[in-house]
Amino acid sequence: MTDTPWFDTAPPHAVRVIASLREYRTAEQAMRRRTRESMRMGEADLRALKFLLKAQEEERVTTPVQLGAHLGMKSSSVTAMLDRLTASGHVSRHPHPSDRRSITIRATPGADEEVRHTLTAMHRRLLEVAAELGPERSRTIVAFLSQVTALADRD
């Protein structure tokens, strides 16, 4: 599985967990690729739409600068992405309510519907699988994934 000596001495159950986590990550990446392809957009485009939809749900105004900060993108890249998403009908631009020099951006109702339609079925199936775990197993898995997430965020 790996050339790392410590991996060879790890308990078999731990190796199975890590192998399972890798298999899930591979399957999730493939699912995300299929989702992007079905919506005809790149990873950053889909992340931008999700960010905009969440902001709208929370009734927050979003500017291109805020979107760029969230995505870790430069202003010119955000502008090019917004041009693409506007042309495809996923995003609309509006004058900022309090800053004449700025604009706000919103996901269109059609984009909201498309994202929900595309992702809702997968989320429903994930919830069905998670519901079968029961509370105790769920707590164990959540604790494990929280620790793994903390390690990934730290390194």
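Does glutamate 59 count as buried or exposed, and at what relative accessibility? In this predicted model, glutamate 59 counts as exposed because its relative accessibility is 76%, and the cut-off for exposed is over 50%. The residue lies in the loop between α3 and α4, just after α3. Its backbone adopts a positive phi of about 60°, although the residue is not a glycine. Most residues other than glycine have a negative phi.

The helix that precedes this loop, α3, comprises residues 43–57, 15 residues in total. From the first C-alpha to the last, α3 reaches 21 Å, close to the 21 Å expected at 1.5 Å a residue. Buried positions in α3 are Asp45, Leu46, Ala48, Leu49, Phe51, Leu52, Leu53, Ala55 and Gln56. An α-helix has 3.6 residues a turn, so residues three or four places apart point the same way. The cover over the buried residues of α3 includes the helices α2 (12–39), α4 (64–71), α5 (75–87) and α6 (109–131). Strands β1 (91–95) and β2 (103–107) are also included in this cover.

A second loop, between β1 and β2, holds histidine 96. The side chain of histidine 96 reaches the backbone nitrogen of serine 98 at 3.0 Å. When neighbours within four places in sequence are left aside, histidine 96 is in contact with Val61, Thr63, Ser102, Ile103 and Thr104.

Conventions
Residues are numbered from 1 along each chain as its sequence is written. This is a predicted model: local features need pLDDT of at least 70, side-chain atom pairs count only at pLDDT 80 or more; totals for chains, interfaces and linings use all residues. Side-chain values use heavy atoms; hydrogens and water are left out. Helices (H or I, at least four residues) and strands (E, at least two) are DSSP runs, numbered from the N terminus. The expected span of a helix is 1.5 Å times one less than its number of residues. Buried means under 20% relative accessible area, exposed over 50%, partly exposed in between (1.4 Å probe, protein chains only). Contact means heavy atoms within 4.5 Å. A polar contact is a pair of N or O atoms within 3.5 Å; within protein, one must be able to donate a hydrogen and the other to accept it, and residues adjacent in sequence count only if both atoms are side-chain atoms.
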